[in-house]
Structures are given as structure tokens and as C-alpha cells.
Amino acid sequence: MSSIISTSGVTSTVKKRSTPLVEMEGISKIYQTGTIALQDVNLRIPEGEFVSFVGPSGCGKSTIFRLIAGLGDPTSGTMRLMGMDPADARKQSDISFVFQDATLLPWCKVIDNVTLPMELRKIPKQERIDKAMHVLEMVGLQDYAHALPRQLSGGMKMRVSIARALASEPKLLLMDEPFGALDEMTRQTLQDELLGIWQKDKKMTVLFVTHNVFEAVYLSTSIVVMSARPGKIAETISVPVPFPRNENFRTASEFSQIVGQVSDVLHH
Ligand SMILES: Nc1ncnc2c1ncn2[C@@H]1O[C@H](COP(=O)(O)OP(=O)(O)OP(=O)(O)O)[C@@H](O)[C@H]1O
């Protein structure tokens, strides 16, 4: 089991020898308003991990994602993606985003929503349709390719959003509270589907923001627990439980023990 990462000043063991997919060293971000969103963040995430970020509102989770995606620069510190300068890495490989709001274009059919980013990147029409149908099948929506978003439930809309993100075969998938607006049953179904997709493609790394500690423990190989004002990594907790995980894990003593461990760090 590879593990990650570090907390401010303390770097934990990285058993995997390959270049980390995401590497942050002494990253700070101060917005123009003077808010110190991140202070001295050190992070090393090997390829193929599923890492969740939890922490109080405003601790800088989305800021970390924005820096990785290139939506703004750090105030200080160094960052490398896939062992490269971030701008070069972003040109070479895809980084996809999924947000809490599925952000589908309401007047476009499901398939057109999924193919749109590929169209913008000038991928030939037949190729983008083939890829879109493939990812829609992965999320079980192949029969809804020609439906409009308003004909779908909240969970189905999120599946379309995930399919759209997967269509470009990203090396890195950033998910910012994707299941936050869904009911518990739908959320759990989508968690299992997402894990199934991630396991099929061992090279895709997923970074996942959630406020739900149970969700973080169920999904992740490691959990980055953050603290606020200023935003820092309080601790990184490994979840050394093999995949595939299923309902039995949710009721296992190991599960509640790790939930307790994460909650303890969150509340201190
Ligand atoms: N564009 C911005 N300009 C100024 N301050 C900002 C900006 N974006 C975020 N902040 C501030 O930076 C801090 C970190 O915000 P961020 O959105 O990264 O936190 P978060 O952990 O994702 O929060 P939440 O869990 O509520 O989504 C907050 O205090 C926020 O108000």
C-alpha cells in the first residue's frame, strides 16, 4: 500500500518510488484581500491514489484544487505536477474537475454535454461520440444519451458530470464535494460506482473534497485533514483497507476506528 504526503514541516514516508503526481512544497496562498488561505502546505501524492480532503469551511481545500488546476498562482512555495512544471504538465495531460453542482447545459442533450469539452479541444466528431458513449455506459446512462438534463434526477445529472470529466481520460480527477447535494442512498450508490471506475483505471488519481468523514473513509487510500485560519494540513491519515470495498466495510470496526481518528484531528 503506498501512502502519502506530509503535514506542515513533517514529511511522511512515500513507499512508492515513482514521481509523485502532485508535489507541493511550502505552498502559501494569500489572496489580495489579505486572507491567508494556505500556509506552508507540503503534499506528495503518488499516482493512482484516491485522496480525500476534509476540514472546516474556509480551510483552503478549494484553494488547493484551484492551484493544481492552474486557476491562480501560489504566493510562495513550489509545486510540481507529474514531476513537471505545472503549466507544462497541464498542456500534456488532462486534469478534469467535477463540482457539487453538475453544471450541465440545460438546452443540450446528455451526449452533447459530454462531448462539448472534446469539441472545444477539436477532437474529431466520431471519436468524441464514441468516447462519450463509452463513458456514459460506464456510469450506466447509455440509454439517456438523447435525454435533456431536466429529464434526469440529481444523481443522474451527477453521473453525466462524472462521465464528462472521464471522457478526456484524465490522469488527475479533482472532485469538489461532488455528492454533497445528493440524498444518502444515491450518494452511496455513486460512491461505489466511482470506486469501480477508479479501480478499473489504476493510473487515474482522484482528489476529493468532502465534509462527510464517513464518505472520506469509505472512498480513500488517504485522508488529508486540514485546519483553518490559516489553512494548514493538520494530519494525513492512511486508510489501509484493501479494495474493492463494500457495505461490510461501512459496518466494520476498522471503519469506525478510522472515522474516530479523523474526527479527533478535525475537532482539535
Ligand atoms: N478569490 C478569493 N479572494 C479572497 N479570498 C478568498 C478567495 N477565495 C477564497 N478565499 C478565502 O480563502 C479561504 C479559503 O477558501 P477556500 O474556498 O479554499 O476554502 P474551503 O476549505 O474550500 O471552504 P468550503 O469548505 O467552505 O468550501 C477562505 O477564508 C475564503 O474566504
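**Close-up 1. Strand S11 and its burial in this predicted model.** Strand S11 spans residues 232-238, and 5 of its 7 residues are buried, so the strand is largely enclosed by the rest of the structure. Its antiparallel partner is strand S10 (residues 222-227), joined to S11 by 6 bridges. If you would like one pair to pick out, Val 224 has Thr 236 in S11 as its bridge partner.

**Close-up 2. The hairpin of S10 and S11.** Here we look at the link itself: 4 residues lie between the two strands. Take a moment for Arg 229 in this hairpin, where phi is positive, near 50°.

**Close-up 3. Ile 64 in helix H1.** Helix H1 covers residues 61-69, and Ile 64 is found within this helix. Ile 64 counts as buried because 28 other C-beta atoms lie within 10 Å, where 20 or more are needed. Leaving aside residues up to four places away in sequence, Ile 64 touches Leu 38, Val 41 and Phe 53. Ile 27 is also worth finding: 37 residues separate Ile 27 from Ile 64 along the chain, and their C-alpha atoms are 9.2 Å apart.

**Close-up 4. Helix H3 and what covers its buried residues.** Helix H3 runs through residues 110-120, and its buried residues include Val 110, Ile 111, Asn 113, Val 114 and Thr 115. An α-helix has 3.6 residues a turn, so residues three or four places apart point the same way. Among the elements covering the buried residues of H3 are helix H4 (125-138) and helix H5 (154-166). Just after H3, look for Lys 122, which takes a positive phi of about 60°.

Methods:
Residues are numbered from 1 along each chain as its sequence is written. This is a predicted model: local features need pLDDT of at least 70, side-chain atom pairs count only at pLDDT 80 or more; totals for chains, interfaces and linings use all residues. A residue is buried if 20 or more other C-beta atoms lie within 10 Å of its own, exposed if 12 or fewer, and partly exposed in between; C-beta atoms are placed from the backbone. Two residues are in contact if their C-beta atoms, placed from the backbone, lie within 7 Å. Two strands pair if DSSP finds at least two bridges between them.
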